[in-house]
Amino acid sequence: MEYFLSFWEKELYERYDLAVIGGGIVGVNAAITYKEQYPDQYVAIIERGTLPTGASTKNAGFACIGSMTELLADAEENGWDPMLKVLANRWSGLRSLHTKVPAIEMDYHNWGGMEIFLDGEEEIFQVCREKLPAMNAALAPITGHAETFTVCDEEIEGTGLTGVSHMILNRVEGQLHPGKMMAYLHQKARSKGIQIFHGWTVVDIQTQSDGTVALNGSKGEVIQVSKAIIATNGFARKLLPDFDVTPVRNQVLITEPIPHLKLKGTFHYHQGYVYIRNVGNRVLIGGGRHLYRETETTDAFGLTDEIQTYLEDFLRSHILKDINFQTAHRWSGILGVGKAKHPIIEECMPNVYSAVRLGGMGVAIGTLVGQEVVEAIQV
C-alpha cells in the first residue's frame with residue numbers, strides 16, 4: 001500500500017475538530033463562527049484553489065437583495081410569503097456581513113441599486129409601479145425604510161444611460177470589492193488560529209464507524225477529522241451528487257478607465273440577469289446566461305463569444321453609447337442554484353454538514369449561511 005502523507009503530516013492534519021471544505025464566503029464565515037463559539041477546538045479550511053474557486057472572489061460585488069422584476073417573478077413562482085422570507089434572509093445576511101467586515105475594508109458604498117427598463121418595456125414597468133406600495137409595505141418591517149423602492153426616472157439623464165425609459169431605485173443596495181472582502185475574512189480567520197490549506201481538492205467524504213470523517217483528496221491523501229462542513233456551493237454535486245444544486249456560469253467583463261464617467265452605483269436589468277456597475281471610472285457588466293441556458297449550465301469556467309458580444313453590445317447601446325471604450329479584462333464564476341431559492345443547510349451524513357445553494361446571492365446571504373450551519377452542528 002502506498003501512503004501519500006508522512007507521519008508528520010498526518011499528525012498535523014488529523015488533529016482538527018472541524019474541517020470546512022471550501023474557502024469562500026460561506027466556508028470562511030462558518031469557520032470563524034465555529035472558532036468563536038469553541039475557541040479551544042482546532043479548525044481548518046480546505047480550499048482547492050489559490051483563491052476561493054467558485055464565485056466569492058469572482059462575483060461583481062453587488063450587495064443586493066433583489067430588483068422589483070426579480071422579486072415579483074419569485075413571488076409569482078413561489079408565493080408572496082416565501083419570496084419575502086428569502087428577501088429577509090438576504091437583508092439579514094448583509095447586516096451580518098457588515099458586522100464581520102468594516103465598510104472601509106471591503107470598499108463598500110451604499111449608492112443604491114437601480115433597475116432599468118428599456119424603451120418598449122412600458123408594460124412590465126407599469127406592473128412594477130402598481131406593486132410598489134404593496135412591496136414597500138411588506139419590506140418596511142424588514143429594511144426599516146417606509147419606501148425601499150422608488151421610481152427615479154429623473155435620475156436617468158445624470159447616469160448617461162441611453163434607450164432607458166424608466167428606473168426604479170432600491171435605496172438599501174450597495175457595491176463592494178469582493179477580493180478585499182475575502183482577503184479581510186481570510187486574515188481574520190488566520191488571526192483566530194484557523195489554518196487555511198490551499199491547493200487540496202477533496203473528492204470524497206465518508207463517515208467512519210468510529211464517527212470520524214475521512215476526507216479523500218484527489219492525489220490520494222486521506223485524513224480523518226471529527227466533523228466537516230461542505231461549503232462548495234456551485235460544485236456541491238461533486239461531493240453531494242443527489243443534492244438539488246445546479247452549477248451555472250456567469251460571465252463578466254470590465255472596461256479600461258473612462259474619463260468623466262457618469263455612471264455610479266449598481267444597475268440591474270431583466271430580473272437581475274444582467275448587472276452593471278461602476279468600479280471607480282471603469283464599467284463592469286455581467287450576466288446574460290438567461291439567453292444561453294444550455295451552455296451556461298456548467299461548472300466549467302470559460303467565456304463564450306455569444307455572451308461576451310451580448311454584454312459589449314449592451315454597453316454600446318445603453319451604457320456607453322457614443323463613447324469609445326476598451327475591454328480590460330474578462331472572467332467567469334460558478335454559481336449554485338436550484339428549484340428552491342433557500343440554501344441547503346443540514347446534516348447530510350453523520351458529522352458532515354452542508355451549506356450550499358446560494359442562488360447567486362452569496363454576498364447577501366453567505367455570512368448568514370456560514371453562521372446557520374454552525375448552529376446545526378451537534379458538538
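Which residue in β10 is the bridge partner of Q206? To find out in this predicted model, select Q206 and then look across to β10, where A214 is its bridge partner.

Now widen the selection to the two strands concerned, β9 and β10 (residues 213–217), which run antiparallel and are joined by 5 bridges. Adding β11 completes an open sheet of 3 strands, whose order is β9-β10-β11 and whose pairing is antiparallel. Colour β9 (202–207) and β11 (222–225) separately, since these strands stand at the edges with a single partner strand each, so one side of each is left without a neighbour in the sheet. If you turn the view to look across the strands, note that neighbouring ones are turned by 25° against each other on average, direction ignored.

Next, move to the largest nonpolar core, which has 64 residues, and select M181 and I229, the members that touch the most others in it. Helix α2 (residues 25–37) is worth showing alongside them, as it gives the most to this core, with 7 residues. Around M181, leaving aside residues up to four places away in sequence, display the residues that it touches, namely I25, S56, L97, V101, E105, M106 and L176.

Finally, turn to the second largest pocket, which has a volume of about 340 Å³. Its lining comprises 20 residues, and those to select for a view of its centre are H177, P178, R277, V279 and L284, which lie nearest to it. At least two lining residues come from each of α7 (178–191), β15 (274–279) and β17 (327–337), and β15 gives the most to this lining, with 3 residues.

How values were computed:
Residues numbered from 1 in each chain as written. Predicted model: local features only at pLDDT ≥ 70, side-chain atom pairs only at ≥ 80, totals over all residues. Heavy atoms only, no water. Core = buried A, V, L, I, M, F, W, Y, C linked by side-chain atoms within 4.5 Å. Buried < 20%, exposed > 50% of the residue type's maximum accessible area, 1.4 Å probe, protein only. Helix = DSSP H or I, 4+ residues; strand = E, 2+ residues; numbered from the N terminus. Contact = heavy atoms within 4.5 Å. Pairing = 2+ DSSP bridges. Axes fitted to C-alpha atoms, helices over the stretch in contact; angles between N-to-C directions. 1 Å grid on protein atoms, 1.4 Å probe; cavity = no way out; pocket = protein on both sides within 12 Å on 5 of 7 lines; lining within 4 Å. Points joined across faces, edges and corners; volume = space filled by probe spheres on them.
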